[in-house]
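Trainee: I'd like to learn how to read a few features off a model. Could you walk me through some?

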Amino acid sequence: SFPGQSQLRDRVVAALDRGMEDSSTEFKSAQTWEVLKKHIVRTAMAMANLRDGGDIIIGVAGEPSGWQITGVSEDVLKTYDPDDVLDAVNRHASPPVNLELVLVQHREAKLLVIAVQEFRELPVVCQRAGDGLDAGSVYIRPDKKPETRRIQNAEEMRNLLVLAIEKGIQRFHRTVTRLGYESQDADSKRFDDELEGL
């Protein structure tokens with residue numbers, strides 16, 4: 001069984017109510033892991049390079065009349081092992097992608113959501129070719145578009161680098177703050193020790 005998360009559920013329900021995919025939301029019909037594996041690996045790497053990450057929602061079929069929420073059967077659900085999904089993605093991804101599989105109930109339908117987290121420090125680069133992927137390529141989800149592709153121009157690369165730089169600055173600030181507090185604490189302790197000697 002997969003752990004549920006209320007924040008994720010709210011996000012998924014909002015996407016289903018909109019009935020639209022975008023750069024951070026992708027709908028897939030209820031197919032087995034083997035059928036969707038290549039697509040999920042590629043999309044997960046791209047969503048990891050997206051600010052705030054993204055969700056692959058399995059159990060939504062594209063019909064001529066629009067998206068239909070079909071849900072996922074137990075038989076299809078059984079084909080998705082969280083460890084297998086993570087392993088398949090991270091055989092190609094460097095650094096590793098953080099993701100989790102979550103079951104979301106929406107009305108009568110049970111949906112499987114692969115929630116992909118934004119990269120922690122460095123953008124994700126494909127380290128291994130195969131399954132339609134090219135080693136050394138950086139995959140992205142273009143702004144407001146429900147598609148996965150390689151970076152194609154300088155602006156897209158700059159946007160990704162800006163996100164990485166922001167993370168580096170935040171990390172530096174946390175380190176300085178932590179060291180600053182530790183230094184103040186040490187000075188305070190020395191001062192207290194000196195007072196005790198008087």
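**Reading the model**

Mentor: Sure, and keep in mind that this is a predicted model. Let's begin at the N-terminal end of α4, which is capped by D81: one of its side-chain oxygens sits 2.9 Å from the backbone nitrogen of D83.

Trainee: Which residues of helix α4 are buried?

Mentor: For burial, look at the relative accessible area; under 20% counts as buried. In α4, spanning residues 82-92, that gives V85, A88, V89, N90 and H92.

Trainee: What do the buried residues of α4 pack against?

Mentor: Here you look for contacts between heavy atoms. The partners are helix α2 (33-48) plus the strands β5 (93-94), β6 (99-106), β7 (109-116) and β8 (125-126). As for the whole protein, it has five helices and ten strands, and 39% of its 198 residues count as buried.

Trainee: How many aromatic pairs does the structure hold?

Mentor: Two. To classify a pair, check the ring centres and then the angle between the planes, where over 60 degrees counts as edge-to-face. Take F27 and W67: their ring centres are 5.1 Å apart and the planes meet at 75°, so this pair is edge-to-face. The pair also links distant parts of the chain, with F27 in strand β1 and W67 in strand β4 (residues 66-69), 40 residues apart.

Trainee: Are F27 and W67 buried or exposed?

Mentor: F27 is buried, at 3% relative accessible area. W67 has 33% relative accessibility, so it counts as partly exposed.

Trainee: Where does E21 lie?

Mentor: E21 is in the loop that runs between α1 (6-18) and β1 (25-28). Leaving aside residues up to four places away in sequence, E21 touches E26, F27, W67 and P146. Two of those names, F27 and W67, are the aromatic pair we just went through.

Trainee: What is the nearest side chain of opposite charge to E21?

Mentor: A salt bridge needs the charged atoms within 4 Å. For E21 the nearest candidate is R141, 5.9 Å away, and E21 is buried yet has no salt bridge. A polar atom of the E21 side chain does, however, lie 2.8 Å from the backbone nitrogen of F27.

Trainee: Which residue lies over the face of F119?

Mentor: For a charge over a ring, check the distance to the ring centre and the direction relative to the ring normal. Here K167 is the one, at 5.2 Å from the ring centre of F119.

Trainee: What share of the contacts with a separation of 6 or more comes from residues 24 or more positions apart?

Mentor: That share is 67% in this protein.

Conventions
Residues are numbered from 1 along each chain as its sequence is written. This is a predicted model: local features need pLDDT of at least 70, side-chain atom pairs count only at pLDDT 80 or more; totals for chains, interfaces and linings use all residues. Side-chain values use heavy atoms; hydrogens and water are left out. Helices (H or I, at least four residues) and strands (E, at least two) are DSSP runs, numbered from the N terminus. Buried means under 20% relative accessible area, exposed over 50%, partly exposed in between (1.4 Å probe, protein chains only). Lys and Arg count as positive and Asp and Glu as negative; His and the chain ends are not counted. A polar contact is a pair of N or O atoms within 3.5 Å; within protein, one must be able to donate a hydrogen and the other to accept it, and residues adjacent in sequence count only if both atoms are side-chain atoms. Contact means heavy atoms within 4.5 Å. Rings of Phe, Tyr and Trp (its six-membered ring) pair if their centres lie within 6.5 Å; planes under 30 degrees apart count as stacked, over 60 as edge-to-face and the rest as tilted. A charge sits over a ring if NZ of Lys or CZ of Arg is within 6 Å of the ring centre and within 35 degrees of the ring normal.
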